[in-house]
Amino acid sequence: MSDRYFSLLERHQKLDEALRLARRKRWVDPFEIARIKKLKLVVKDRLSRLLPRRSATH
C-alpha cells in the first residue's frame, strides 16, 4: 500500500468518525453533515483511482 493510499484511507476514517460525532450532537447541523459526506466522497473517489483496474474479461 502506498503512502498516498494510506493517508487517504486514514482521512476517510477520520471523516467517518467526524460524521458519527456530528450525527450524535444534540443539534444536528444538516450543512455540516452534507459537507462531511461530500468530503468523504471526494476521498473515496481518490482512493478508487489509486487502485489497479481489473479487466472486464477477467
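Trainee: Which residues gather in a patch of positive charge on the surface?

Mentor: In this predicted model, the patch of positive charge on the surface consists of Arg4, Arg11, Lys14, Arg35, Arg46, Arg49 and Arg53. Helix H1 (3–24) and helix H2 (30–50) each contribute at least two residues to the positive patch.

Trainee: Is Arg11 buried, partly exposed or exposed, and what is its relative accessibility?

Mentor: Arg11 lies in helix H1 and is partly exposed, at 41% relative accessibility.

Trainee: How should I read salt bridges, and how many salt bridges are there?

Mentor: Side chains of opposite charge can pair when their charged atoms come close. Here the count is 4 salt bridges. Arg20 forms one with Asp16, with the closest N and O atoms 2.7 Å apart, and another with Glu17, at 2.5 Å.

Trainee: Where do the partners of Arg20 sit along helix H1?

Mentor: Asp16 is 4 residues from Arg20 in helix H1, so about one helical turn separates them. Glu17 is 3 residues from Arg20, again about one helical turn. Arg20 is partly exposed at 40%, as are Asp16 at 25% and Glu17 at 32%. Salt bridges with shared partners join Asp16, Glu17, Arg20 and Lys40 into one network.

Trainee: Which residue meets Glu32 in a salt bridge?

Mentor: Lys25 does, at 3.3 Å from N to O. Lys25 is partly exposed, with 43% relative accessibility. Glu32 is in helix H2. Leaving aside residues up to four places away in sequence, Glu32 touches Ala22 and Lys25. The C-alpha atoms of Glu32 and Ala18 are 9.8 Å apart, with their positions 14 residues apart along the chain.

Notes:
Residues numbered from 1 in each chain as written. Predicted model: local features only at pLDDT ≥ 70, side-chain atom pairs only at ≥ 80, totals over all residues. Heavy atoms only, no water. Patch = residues over 30% accessible without salt bridge, like charges linked within 9 Å, V, L, I, M, F, W, Y side chains within 5 Å. Areas by Shrake-Rupley, 256 points an atom, 1.4 Å probe, with all protein chains shown as cover. Salt bridge = Lys/Arg side-chain N within 4 Å of Asp/Glu carboxyl O. Lys, Arg positive; Asp, Glu negative; His and termini not counted. Charge placed at Lys NZ, Arg CZ, Asp CG, Glu CD. Buried < 20%, exposed > 50% of the residue type's maximum accessible area, 1.4 Å probe, protein only. Contact = heavy atoms within 4.5 Å.
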